Amino acid sequence: KTMTFASSLNCLLITLLIPIVATFLTILTPSSLQKGAQLHDKSHILYKTNGLWVVVLGTVFYLFGGSVLELYSLSYLAEHWTELLMVNVAFNTTLTALLVWVKPAISPEPKESTSTHYDQWYMQFWCGTELNPHIAGFELKFFWYRCGFILWSMLNISFWAQQMNMYHSTSVPMLLYQFVSYFYIVDAFWHEIGMAFMFDIIEENFGFMLVWGDYCWIPFVFSLPAMFCVDKFEYSLLQVVACLVVFSVGFSIFRGTNAQKFQFKQDPQAKIWGQPPKTIDSPNTGRKLLCSGWWGVARKINYLGDIMIATSMSMPAGYSNVLPHLYPIYLTILLVNRAKRDDYRCRLKHKEAWQEYCHRVPWVMIPGLY
(Lines give C-alpha, C1' and ligand atoms only; values in the text may rest on other atoms or scores of the structure.)
Protein backbone atom coordinates (compact mmCIF):
# COMPACT_ATOMS: atom_id res chain seq x y z
CA LYS A 1 0.00 0.00 0.00
CA THR A 2 1.00 3.65 -0.45
CA MET A 3 3.29 5.03 2.22
CA THR A 4 1.78 7.96 4.15
CA PHE A 5 2.72 9.92 7.25
CA ALA A 6 -0.06 8.17 9.19
CA SER A 7 1.05 4.68 8.11
CA SER A 8 4.69 5.49 8.91
CA LEU A 9 3.63 6.69 12.35
CA ASN A 10 1.66 3.48 12.87
CA CYS A 11 4.73 1.43 11.91
CA LEU A 12 6.84 3.41 14.38
CA LEU A 13 4.30 2.87 17.15
CA ILE A 14 4.27 -0.88 16.44
CA THR A 15 8.08 -0.98 16.49
CA LEU A 16 8.18 0.88 19.82
CA LEU A 17 5.28 -0.94 21.48
CA ILE A 18 6.73 -4.43 21.09
CA PRO A 19 9.79 -3.81 23.35
CA ILE A 20 7.58 -1.90 25.81
CA VAL A 21 5.02 -4.73 26.04
CA ALA A 22 7.83 -7.31 26.21
CA THR A 23 9.41 -5.38 29.10
CA PHE A 24 6.21 -5.32 31.15
CA LEU A 25 5.53 -9.00 30.44
CA THR A 26 9.11 -9.89 31.44
CA ILE A 27 8.63 -8.09 34.74
CA LEU A 28 5.09 -9.29 35.51
CA THR A 29 4.87 -12.91 34.30
CA PRO A 30 6.03 -15.92 36.37
CA SER A 31 9.71 -16.64 36.04
CA SER A 32 12.68 -18.45 37.51
CA LEU A 33 16.22 -17.16 37.74
CA GLN A 34 18.81 -19.40 36.08
CA LYS A 35 22.55 -19.03 35.90
CA GLY A 36 24.11 -18.32 32.51
CA ALA A 37 27.55 -19.20 31.20
CA GLN A 38 30.67 -18.11 33.06
CA LEU A 39 31.88 -14.68 31.93
CA HIS A 40 35.46 -13.49 31.45
CA ASP A 41 35.61 -12.29 35.07
CA LYS A 42 34.41 -15.76 36.30
CA SER A 43 30.99 -14.35 37.27
CA HIS A 44 27.57 -15.49 36.06
CA ILE A 45 24.50 -13.50 35.02
CA LEU A 46 21.15 -14.62 36.41
CA TYR A 47 18.51 -14.65 33.66
CA LYS A 48 14.74 -14.48 34.01
CA THR A 49 13.62 -17.42 31.90
CA ASN A 50 10.01 -16.43 31.25
CA GLY A 51 10.44 -15.80 27.53
CA LEU A 52 7.75 -18.33 26.59
CA TRP A 53 5.19 -16.37 28.62
CA VAL A 54 6.37 -13.13 27.03
CA VAL A 55 6.23 -14.32 23.41
CA VAL A 56 2.98 -16.29 23.74
CA LEU A 57 1.14 -13.51 25.59
CA GLY A 58 2.52 -10.87 23.22
CA THR A 59 1.15 -12.90 20.30
CA VAL A 60 -2.20 -13.47 22.06
CA PHE A 61 -2.56 -9.74 22.77
CA TYR A 62 -1.95 -9.00 19.09
CA LEU A 63 -4.55 -11.57 18.03
CA PHE A 64 -7.07 -10.37 20.62
CA GLY A 65 -6.70 -6.71 19.64
CA GLY A 66 -7.19 -7.46 15.97
CA SER A 67 -9.79 -10.24 15.92
CA VAL A 68 -11.87 -9.63 19.07
CA LEU A 69 -11.58 -5.91 19.81
CA GLU A 70 -11.14 -5.10 16.10
CA LEU A 71 -8.75 -2.24 16.89
CA TYR A 72 -6.80 -2.92 13.71
CA SER A 73 -6.64 -5.30 10.77
CA LEU A 74 -4.48 -8.35 11.39
CA SER A 75 -3.26 -8.06 7.79
CA TYR A 76 -1.93 -4.52 8.37
CA LEU A 77 1.67 -5.61 8.94
CA ALA A 78 1.71 -7.68 5.76
CA GLU A 79 0.21 -4.82 3.75
CA HIS A 80 2.80 -2.36 5.09
CA TRP A 81 5.73 -4.82 5.26
CA THR A 82 8.23 -2.64 3.36
CA GLU A 83 7.37 0.47 5.35
CA LEU A 84 7.58 -1.42 8.63
CA LEU A 85 10.98 -2.76 7.60
CA MET A 86 12.30 0.75 6.83
CA VAL A 87 11.06 2.11 10.17
CA ASN A 88 12.49 -0.91 11.99
CA VAL A 89 15.95 -0.40 10.45
CA ALA A 90 15.90 3.30 11.42
CA PHE A 91 14.86 2.39 14.97
CA ASN A 92 17.58 -0.26 15.36
CA THR A 93 20.19 2.15 13.98
CA THR A 94 19.21 4.83 16.49
CA LEU A 95 19.04 2.37 19.38
CA THR A 96 22.48 0.99 18.53
CA ALA A 97 24.02 4.47 18.55
CA LEU A 98 22.53 5.09 22.01
CA LEU A 99 23.74 1.73 23.35
CA VAL A 100 27.22 2.01 21.86
CA TRP A 101 28.12 5.62 22.70
CA VAL A 102 25.55 7.22 25.04
CA LYS A 103 24.73 4.41 27.45
CA PRO A 104 28.40 3.57 28.32
CA ALA A 105 29.04 7.25 29.06
CA ILE A 106 26.08 7.44 31.46
CA SER A 107 26.12 3.96 32.98
CA PRO A 108 29.22 1.97 31.99
CA GLU A 109 29.50 -1.76 32.52
CA PRO A 110 32.57 -3.25 34.26
CA LYS A 111 35.55 -3.62 31.91
CA GLU A 112 35.37 -7.38 32.29
CA SER A 113 31.95 -7.35 30.63
CA THR A 114 33.41 -6.26 27.30
CA SER A 115 34.45 -9.08 24.99
CA THR A 116 36.59 -7.11 22.51
CA HIS A 117 37.63 -3.46 22.31
CA TYR A 118 37.51 -1.64 18.98
CA ASP A 119 39.10 1.73 18.17
CA GLN A 120 37.31 2.40 14.87
CA TRP A 121 33.87 4.00 15.25
CA TYR A 122 32.34 1.77 12.58
CA MET A 123 33.56 -1.39 14.33
CA GLN A 124 32.22 -0.06 17.64
CA PHE A 125 28.86 0.54 15.96
CA TRP A 126 28.71 -2.84 14.21
CA CYS A 127 30.13 -5.03 17.00
CA GLY A 128 29.23 -2.97 20.07
CA THR A 129 31.23 -1.75 23.03
CA GLU A 130 29.68 -3.81 25.87
CA LEU A 131 29.15 -7.54 26.21
CA ASN A 132 26.15 -7.56 28.55
CA PRO A 133 24.66 -4.06 28.80
CA HIS A 134 22.15 -3.45 31.58
CA ILE A 135 19.66 -0.63 32.08
CA ALA A 136 18.16 -0.29 35.57
CA GLY A 137 19.37 -3.82 36.30
CA PHE A 138 17.64 -5.10 33.15
CA GLU A 139 19.88 -7.31 30.97
CA LEU A 140 19.29 -6.27 27.36
CA LYS A 141 20.94 -8.82 25.08
CA PHE A 142 19.11 -11.92 26.35
CA PHE A 143 15.85 -9.94 26.45
CA TRP A 144 16.14 -8.60 22.90
CA TYR A 145 15.49 -12.02 21.36
CA ARG A 146 11.96 -11.84 22.74
CA CYS A 147 11.14 -8.69 20.81
CA GLY A 148 12.30 -10.23 17.54
CA PHE A 149 10.33 -13.42 18.09
CA ILE A 150 7.16 -11.51 18.99
CA LEU A 151 7.41 -9.46 15.78
CA TRP A 152 8.12 -12.63 13.77
CA SER A 153 5.02 -14.24 15.26
CA MET A 154 2.94 -11.14 14.46
CA LEU A 155 4.15 -11.07 10.85
CA ASN A 156 3.32 -14.76 10.46
CA ILE A 157 -0.23 -14.11 11.62
CA SER A 158 -0.50 -11.03 9.41
CA PHE A 159 0.43 -12.92 6.23
CA TRP A 160 -2.01 -15.67 7.21
CA ALA A 161 -4.75 -13.06 7.70
CA GLN A 162 -3.86 -11.51 4.34
CA GLN A 163 -4.37 -14.86 2.64
CA MET A 164 -7.73 -15.30 4.38
CA ASN A 165 -8.82 -11.81 3.29
CA MET A 166 -7.82 -12.43 -0.32
CA TYR A 167 -8.95 -16.03 -0.86
CA HIS A 168 -11.26 -16.79 2.13
CA SER A 169 -9.34 -19.99 2.74
CA THR A 170 -6.00 -21.23 4.04
CA SER A 171 -3.56 -23.14 1.86
CA VAL A 172 -1.62 -26.25 2.84
CA PRO A 173 1.76 -24.48 2.38
CA MET A 174 0.65 -21.69 4.73
CA LEU A 175 -0.53 -24.17 7.37
CA LEU A 176 2.68 -26.16 7.03
CA TYR A 177 4.87 -23.08 7.41
CA GLN A 178 2.87 -21.87 10.42
CA PHE A 179 3.17 -25.28 12.10
CA VAL A 180 6.92 -25.55 11.60
CA SER A 181 7.67 -21.95 12.61
CA TYR A 182 5.49 -21.95 15.75
CA PHE A 183 6.83 -25.33 16.83
CA TYR A 184 10.30 -23.81 16.53
CA ILE A 185 9.31 -20.64 18.44
CA VAL A 186 7.69 -22.52 21.33
CA ASP A 187 10.60 -24.97 21.58
CA ALA A 188 13.18 -22.18 21.53
CA PHE A 189 11.66 -20.54 24.59
CA TRP A 190 10.76 -23.81 26.30
CA HIS A 191 14.54 -24.33 26.40
CA GLU A 192 15.27 -20.63 26.76
CA ILE A 193 18.17 -20.99 29.19
CA GLY A 194 20.08 -22.66 26.36
CA MET A 195 20.22 -19.26 24.64
CA ALA A 196 22.39 -18.01 27.49
CA PHE A 197 25.08 -20.48 26.36
CA MET A 198 25.04 -19.46 22.68
CA PHE A 199 28.10 -17.87 21.09
CA ASP A 200 26.23 -14.59 20.56
CA ILE A 201 25.48 -14.22 24.26
CA ILE A 202 28.84 -15.42 25.57
CA GLU A 203 31.30 -13.78 23.17
CA GLU A 204 29.66 -11.03 21.04
CA ASN A 205 29.31 -7.44 22.20
CA PHE A 206 25.83 -5.94 21.81
CA GLY A 207 26.14 -3.75 18.70
CA PHE A 208 24.18 -3.24 15.50
CA MET A 209 24.95 -6.78 14.35
CA LEU A 210 22.88 -8.23 17.23
CA VAL A 211 20.45 -5.34 17.81
CA TRP A 212 19.42 -5.38 14.14
CA GLY A 213 19.88 -9.14 13.83
CA ASP A 214 17.45 -9.93 16.65
CA TYR A 215 14.78 -7.32 15.98
CA CYS A 216 14.98 -6.99 12.19
CA TRP A 217 16.70 -9.97 10.55
CA ILE A 218 14.85 -12.61 12.57
CA PRO A 219 11.29 -11.32 12.11
CA PHE A 220 11.53 -9.99 8.55
CA VAL A 221 13.70 -12.71 6.98
CA PHE A 222 12.22 -15.65 8.91
CA SER A 223 8.70 -14.57 7.84
CA LEU A 224 9.54 -14.32 4.12
CA PRO A 225 8.23 -17.85 3.42
CA ALA A 226 4.86 -16.79 4.84
CA MET A 227 4.80 -13.87 2.41
CA PHE A 228 5.30 -16.22 -0.53
CA CYS A 229 2.77 -18.73 0.83
CA VAL A 230 -0.03 -16.14 0.59
CA ASP A 231 -0.60 -16.91 -3.10
CA LYS A 232 0.57 -20.53 -3.05
CA PHE A 233 -2.03 -23.31 -2.89
CA GLU A 234 -0.56 -26.19 -4.89
CA TYR A 235 1.42 -28.52 -2.68
CA SER A 236 1.52 -32.31 -2.94
CA LEU A 237 1.40 -34.85 -0.14
CA LEU A 238 4.97 -35.87 -1.02
CA GLN A 239 6.13 -32.26 -0.53
CA VAL A 240 4.38 -32.09 2.84
CA VAL A 241 6.04 -35.32 3.96
CA ALA A 242 9.45 -34.16 2.71
CA CYS A 243 9.16 -30.88 4.62
CA LEU A 244 8.13 -32.61 7.83
CA VAL A 245 10.92 -35.18 7.51
CA VAL A 246 13.58 -32.51 6.99
CA PHE A 247 12.22 -30.56 9.97
CA SER A 248 11.93 -33.62 12.23
CA VAL A 249 15.46 -34.86 11.50
CA GLY A 250 16.92 -31.37 11.81
CA PHE A 251 15.06 -30.72 15.04
CA SER A 252 16.16 -34.07 16.53
CA ILE A 253 19.79 -33.27 15.75
CA PHE A 254 19.60 -29.65 16.91
CA ARG A 255 17.77 -30.34 20.16
CA GLY A 256 19.65 -33.56 20.85
CA THR A 257 23.11 -32.01 20.48
CA ASN A 258 22.25 -29.01 22.63
CA ALA A 259 20.64 -31.20 25.30
CA GLN A 260 23.69 -33.47 25.44
CA LYS A 261 26.08 -30.54 25.72
CA PHE A 262 23.99 -28.87 28.43
CA GLN A 263 23.63 -32.15 30.34
CA PHE A 264 27.37 -32.80 30.13
CA LYS A 265 28.13 -29.34 31.54
CA GLN A 266 25.73 -29.91 34.44
CA ASP A 267 26.72 -33.55 35.13
CA PRO A 268 29.83 -34.88 33.32
CA GLN A 269 29.04 -38.43 34.51
CA ALA A 270 25.49 -38.61 33.11
CA LYS A 271 24.98 -41.32 30.49
CA ILE A 272 24.58 -40.38 26.83
CA TRP A 273 22.61 -42.75 24.61
CA GLY A 274 22.67 -45.21 27.51
CA GLN A 275 26.46 -45.27 27.82
CA PRO A 276 28.98 -43.44 30.03
CA PRO A 277 30.26 -40.39 28.12
CA LYS A 278 33.54 -40.69 26.26
CA THR A 279 35.78 -37.70 26.85
CA ILE A 280 39.21 -36.30 26.10
CA ASP A 281 41.13 -34.45 28.81
CA SER A 282 42.24 -30.94 27.88
CA PRO A 283 45.18 -30.16 30.21
CA ASN A 284 45.49 -26.66 28.79
CA THR A 285 42.03 -25.70 30.06
CA GLY A 286 41.43 -28.24 32.83
CA ARG A 287 38.22 -29.31 31.06
CA LYS A 288 37.02 -32.39 29.17
CA LEU A 289 35.95 -32.59 25.52
CA LEU A 290 32.81 -34.63 24.91
CA CYS A 291 33.04 -37.13 22.05
CA SER A 292 29.97 -39.27 22.75
CA GLY A 293 26.46 -39.18 21.35
CA TRP A 294 25.92 -36.63 18.60
CA TRP A 295 29.30 -35.09 19.44
CA GLY A 296 30.94 -38.34 18.41
CA VAL A 297 29.23 -38.25 15.01
CA ALA A 298 30.49 -34.84 13.85
CA ARG A 299 32.17 -31.95 15.65
CA LYS A 300 29.57 -29.35 14.62
CA ILE A 301 26.60 -31.53 13.79
CA ASN A 302 24.38 -29.11 15.73
CA TYR A 303 24.95 -26.67 12.86
CA LEU A 304 23.58 -29.26 10.43
CA GLY A 305 20.40 -29.52 12.51
CA ASP A 306 20.01 -25.74 12.52
CA ILE A 307 20.40 -25.58 8.72
CA MET A 308 17.86 -28.37 8.21
CA ILE A 309 15.28 -26.56 10.37
CA ALA A 310 15.83 -23.35 8.40
CA THR A 311 15.46 -25.29 5.15
CA SER A 312 12.19 -26.87 6.28
CA MET A 313 10.77 -23.42 7.07
CA SER A 314 11.42 -22.24 3.53
CA MET A 315 10.24 -25.38 1.70
CA PRO A 316 6.47 -24.57 1.80
CA ALA A 317 7.11 -21.38 -0.21
CA GLY A 318 8.36 -23.35 -3.21
CA TYR A 319 11.31 -22.52 -5.42
CA SER A 320 10.03 -19.88 -7.84
CA ASN A 321 11.90 -17.15 -5.91
CA VAL A 322 15.13 -17.14 -3.93
CA LEU A 323 13.90 -14.73 -1.22
CA PRO A 324 12.04 -17.31 0.94
CA HIS A 325 15.30 -19.29 1.02
CA LEU A 326 17.43 -16.35 2.11
CA TYR A 327 17.60 -17.60 5.70
CA PRO A 328 18.88 -21.16 5.04
CA ILE A 329 21.32 -19.86 2.38
CA TYR A 330 22.69 -17.21 4.74
CA LEU A 331 22.75 -19.63 7.68
CA THR A 332 24.72 -22.22 5.72
CA ILE A 333 27.36 -19.66 4.72
CA LEU A 334 27.48 -18.29 8.28
CA LEU A 335 27.80 -21.66 10.02
CA VAL A 336 30.37 -23.09 7.62
CA ASN A 337 32.47 -20.00 8.27
CA ARG A 338 31.79 -20.15 12.01
CA ALA A 339 32.79 -23.83 12.10
CA LYS A 340 36.17 -22.90 10.63
CA ARG A 341 36.61 -20.07 13.14
CA ASP A 342 35.54 -22.35 16.00
CA ASP A 343 38.05 -24.97 14.88
CA TYR A 344 40.87 -22.41 14.81
CA ARG A 345 39.87 -21.04 18.23
CA CYS A 346 39.64 -24.53 19.75
CA ARG A 347 43.04 -25.56 18.34
CA LEU A 348 44.59 -22.61 20.14
CA LYS A 349 42.59 -23.25 23.29
CA HIS A 350 42.85 -27.04 23.68
CA LYS A 351 46.02 -27.70 21.65
CA GLU A 352 46.83 -31.48 21.52
CA ALA A 353 43.46 -32.39 23.01
CA TRP A 354 41.66 -30.81 20.05
CA GLN A 355 43.91 -32.65 17.61
CA GLU A 356 42.95 -35.90 19.34
CA TYR A 357 39.26 -34.95 19.12
CA CYS A 358 39.59 -34.25 15.38
CA HIS A 359 41.28 -37.63 14.96
CA ARG A 360 38.45 -39.44 16.76
CA VAL A 361 35.70 -37.36 15.12
CA PRO A 362 37.01 -36.42 11.65
CA TRP A 363 33.77 -34.97 10.24
CA VAL A 364 32.75 -31.35 10.82
CA MET A 365 29.01 -31.29 10.01
CA ILE A 366 27.92 -34.07 7.67
CA PRO A 367 29.34 -37.56 8.32
CA GLY A 368 30.96 -38.93 5.19
CA LEU A 369 30.82 -35.60 3.34
CA TYR A 370 32.13 -32.67 5.39
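## Asparagine 302 and its contacts

In this predicted model, asparagine 302 touches Phe254, Thr257 and Trp295, when residues up to four places away in sequence are not counted. Asparagine 302 belongs to helix H12, which covers residues 301-314. With a relative accessibility of 11%, asparagine 302 counts as buried, because the limit for a buried residue is under 20% relative accessible area.

## Phenylalanine 251 and the aromatic pairs

Phenylalanine 251 is placed in helix H11. Once its neighbours within four places in sequence are left aside, the residues in contact with phenylalanine 251 are Phe183, Asp187, Gly256 and Ile309. Serine 292 offers a point of reference elsewhere in the chain: phenylalanine 251 and serine 292 are 41 residues apart in sequence, and their C-alpha atoms are 19 Å apart in space.

A pair of aromatic rings is described by the distance of the centres and the angle of the planes. The count of aromatic pairs comes to 26. One of them joins phenylalanine 183 and phenylalanine 251, with 5.2 Å from centre to centre and 85° between the planes. This pair is edge-to-face, because planes over 60 degrees apart are classed in that way. The two residues of the pair come from distant parts of the chain, 68 residues apart: phenylalanine 183 lies in helix H7 (residues 172-190), and phenylalanine 251 lies in helix H11 (residues 237-266).

The two partners fall into separate accessibility classes. Phenylalanine 183 has a relative accessible area of 36% and is partly exposed, whereas phenylalanine 251 counts as buried at 17% relative accessibility. Elsewhere, one aromatic cluster is formed by Trp101, Phe125, Trp126, Phe208, Trp212, Trp217 and Tyr330.

## Salt bridges

Side chains of opposite charge can pair when their charged atoms come close. The structure holds ten salt bridges. Among them is the bridge between aspartate 281 and lysine 288, whose closest N and O atoms are 2.6 Å apart. Lysine 288 counts as partly exposed, with 43% relative accessibility.

Two further bridges each join residues of one helix. In the first example, the side chains of aspartate 342 and arginine 345 meet at 3.4 Å, N to O. These residues are separated by about one helical turn, because they stand three residues apart in helix H13 (residues 326-350). Aspartate 342 is buried, at 4% relative accessible area, while arginine 345 counts as partly exposed, at 35% relative accessibility.

In the second example, arginine 360 and glutamate 356 form a salt bridge through their side chains, at 3.0 Å from N to O. Both residues lie in helix H14 (residues 352-360), where they are four residues apart, about one turn of the helix. Arginine 360 is partly exposed, with a relative accessible area of 42%, and glutamate 356 also counts as partly exposed, at 30% relative accessibility. In addition, a network of salt bridges links Arg299, Asp343 and Arg347.

## The largest cavity

The structure holds one cavity of 30 Å³ or more. About 40 Å³ of space lies in the largest cavity. The residues that line the largest cavity are Arg299, Lys300, Ala339, Asp343, Trp354 and Val364. By class, this lining has three nonpolar residues, three charged residues and no polar residues. Arg299 and Asp343 belong to the lining, and these two residues also take part in the salt-bridge network with Arg347.

## The second largest pocket

The second largest pocket has a volume of about 430 Å³. The lining of this pocket is made up of 15 residues, and those nearest its centre are Ile14, Leu17, Tyr62, Tyr72 and Met154. At least two residues of the lining come from each of helix H1 (5-28), helix H2 (51-68), helix H3 (76-79) and helix H6 (140-167). Helix H1 supplies the largest share, with six residues.

By class, the lining of the second largest pocket consists of twelve nonpolar residues, three polar residues and no charged residues. The lining of the largest cavity, for its part, includes three charged residues.

Methods: Residues are numbered from 1 along each chain as its sequence is written. This is a predicted model: local features need pLDDT of at least 70, side-chain atom pairs count only at pLDDT 80 or more; totals for chains, interfaces and linings use all residues. Side-chain values use heavy atoms; hydrogens and water are left out. Rings of Phe, Tyr and Trp (its six-membered ring) pair if their centres lie within 6.5 Å; planes under 30 degrees apart count as stacked, over 60 as edge-to-face and the rest as tilted. Buried means under 20% relative accessible area, exposed over 50%, partly exposed in between (1.4 Å probe, protein chains only). Contact means heavy atoms within 4.5 Å. On a 1 Å grid over the protein atoms alone, a cavity is a set of points where a 1.4 Å probe fits but cannot get out, and a pocket is an open set with protein on both sides within 12 Å along at least five of seven lines; lining residues have an atom within 4 Å of a point. Grid points are joined across faces, edges and corners, and a volume is the space filled by probe spheres set on the points. Ala, Val, Leu, Ile, Met, Phe, Trp, Tyr, Cys and Pro count as nonpolar, Asp, Glu, Lys and Arg as charged, and the others, Gly among them, as polar. A salt bridge is a side-chain nitrogen of Lys or Arg within 4 Å of a carboxyl oxygen of Asp or Glu.
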